Amino acid sequence: MNLDFYKGKKILITGHTGFKGSWMCKALINAGADVTGYALAAPTEPSLFDMLGLASEMNSVEGDIRDLEHLLSVFESVKPEIVIHMAAQPIVRDSYKDPVYTYETNVMGTVNICEAVRRTPSVRSFVNVTTDKVYLNKEWQWGYRENEELNGFDPYSNSKSCSELVTSSYKNSFFTDEYYQANYGVEGPAVSTCRAGNVIGGGDFANDRIIPDCIRAVSAGQEIVVRNPYSTRPYEHVLEPVMAYLMVAEAQYKDKSFASSYNVGPNDSDCWTTGELVQLFCDKWNGAVDQRASAAGAGIAAATLNKASWVNKHDGGPHEANFLKLDCSKLKSTFGWSPVWNVETTMEKIVEWSVAYLTGGDVGEVMDKQIGEFLA
């Protein structure tokens with residue numbers, strides 16, 4: 001795909017200060033979109049959003065999706081054509097620590113976004129981003145399809161299942177042509193939900209995620225601690241779901257028959273155990289370190305980087321699924337879509353970004369390069 005469609009389009013993104021949101025904003029700004037973001041301040045320190053200086057290149061509004069009145073005022077002012085909802089409390093372990101906040105944000109936050117869309121007839125395309133963890137996980141060896149039962153186990157996963165149900169209810173009750181013709185004299189918006197697998201990429205600084213843990217460990221010269229090396233997850237580069245969300249948003253903007261629920265995940269060959277993923281990181285990272293050392297030996301200055309290694313230390317933490325995989329046949333058959341980068345290429349992109357970050361390079365330039373490579 002290309003992003004020509006988005007040039008000049010008014011698009012509102014919630015959760016834009018997060019990891020995935022920052023990549024989406026970067027791509028849309030590059031494409032000439034009129035981007036508004038609504039989110040809390042960047043959730044990590046350091047943060048990719050602040051590092052890129054994106055606030056100066058878009059309309060960045062600091063706000064809580066639990067605050068309906070503030071949210072409504074932003075929608076009324078901006079009058080967006082396309083809304084992509086990504087704001088969430090996204091960490092499983094944090095949801096065990098504070099389930100009330102998790103449900104308030106992920107459930108009532110979705111209610112508020114749907115209500116803001118309902119009251120804003122300019123919106124023609126709305127995508128709610130959830131997670132692969134919305135499904136009732138039976139530890140199957142095959143992937144879950146979009147018509148499988150929704151019932152996440154932990155508070156985070158379950159709250160995102162609820163977010164799906166909220167969206168479905170609003171879609172049935174309000175986001176119809178009949179409702180919009182009666183109230184606004186226009187057609188109703190096209191509405192989809194997208195369920196993505198485990199997203200990795202350069203610039204993620206979140207706690208309790210495996211790739212950020214890897215980067216923090218090598219930066220400090222420490223072993224990478226892996227608490228459950230045998231859990232299997234569908235890993236994909238952050239640009240895979242970001243571009244899939246934009247593909248769905250564009251398609252349903254042009255033709256409402258595309259509005260539905262879609263899994264966005266890698267091919268089966270890219271469902272890796274955590275241990276395998278960390279070993280791949282170590283191999284790619286150490287290869288990059290050796291390459292820089294060789295360059296330095298040839299008289300080219302290179303900052304010193306630590307080698308990577310990992311250790312298995314199961315910490316007896318709260319329940320997390322051991323096996324989870326998505327069936328993405330629907331997205332593939334509907335749009336002719338397929339993943340662009342496998343996990344090995346994805347890890348090379350992560351290492352490229354992280355080396356630039358740890359050696360004082362221009363990470364925005366690296367991202368522009370990777371976005372261009374991905375779209376090409």
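This report describes the overall build of a predicted model, then its sheet, two helices that pack on the sheet, and two loop residues.

## Overall build

The chain has 376 residues, and its secondary structure comes to 13 helices and twelve strands. Its radius of gyration is 20 Å, close to the 21 Å that the globule rule gives for 376 residues, so the chain is as compact as a globular protein of that length. Along the principal axes, the C-alpha atoms fill a box of roughly 70 × 45 × 40 Å.

Of the residues in the chain, 56% count as buried. The accessible surface comes to about 15300 Å², and carbon and sulfur atoms account for 48% of that area. Contacts also link distant parts of the sequence: among those between residues at least 6 apart, 79% join residues at least 24 apart.

## The seven-stranded sheet

Seven strands form an open sheet with parallel pairing, in the order β3-β2-β1-β4-β5-β6-β10. Its edge strands are β3, residues 59-62, and β10, residues 261-264, each of which pairs on one side only. On average, neighbouring strands of this sheet are turned by 15° against each other, with direction ignored.

One pairing within the sheet joins β1 (residues 10-14) to β4 (residues 82-85), in the parallel sense and over four bridges. In this part of the sheet, T14 stands opposite H85 in β4.

## Helices on the sheet

Helix α1 lies across β1, β2 (34-39), β4, β5 (125-129) and β6 (190-196), and it runs at about 165° to β1. Helix α6, residues 155-173, also packs on the sheet, where it touches β5, β6 and β10. The direction of α6 makes about 165° with that of β6.

## Helix α1 in detail

Helix α1 covers residues 19-30, twelve residues in total. At 1.5 Å a residue these should span 16 Å, and the end C-alpha atoms are 17 Å apart, which agrees. After the helix comes G32, which has a positive phi near 85°.

How much of α1 is buried? Eleven of its twelve residues are, so the helix is largely enclosed by the rest of the structure. The buried residues are F19, K20, G21, S22, W23, M24, C25, K26, A27, L28 and I29. In general, an α-helix has 3.6 residues a turn, so residues three or four places apart point the same way.

## Two loop residues

L150 is found in the loop between β5 and α6. Its relative accessibility is 24%, and it counts as partly exposed because this value lies between the 20% limit for buried residues and the 50% limit for exposed ones. Leaving aside residues up to four places away in sequence, L150 touches V134, Y135, L136, S161, E164, L165 and R195. K133 lies 17 residues from L150 along the chain, and the C-alpha atoms of the two are separated by 8.8 Å.

T359 lies in another loop, between α12 (343-358) and α13 (363-375). With a relative accessible area of 27%, T359 is likewise partly exposed. T359 and E62 are 297 residues apart along the chain, and their C-alpha atoms are separated by 31 Å.

Terms used
Residues numbered from 1 in each chain as written. Predicted model: local features only at pLDDT ≥ 70, side-chain atom pairs only at ≥ 80, totals over all residues. Heavy atoms only, no water. Expected span 1.5 Å × (residues − 1). Buried < 20%, exposed > 50% of the residue type's maximum accessible area, 1.4 Å probe, protein only. Pairing = 2+ DSSP bridges. Axes fitted to C-alpha atoms, helices over the stretch in contact; angles between N-to-C directions. Contact = heavy atoms within 4.5 Å. Rg over C-alpha atoms; globule rule 2.2 N^0.38 Å. Areas by Shrake-Rupley, 256 points an atom, 1.4 Å probe, with all protein chains shown as cover.
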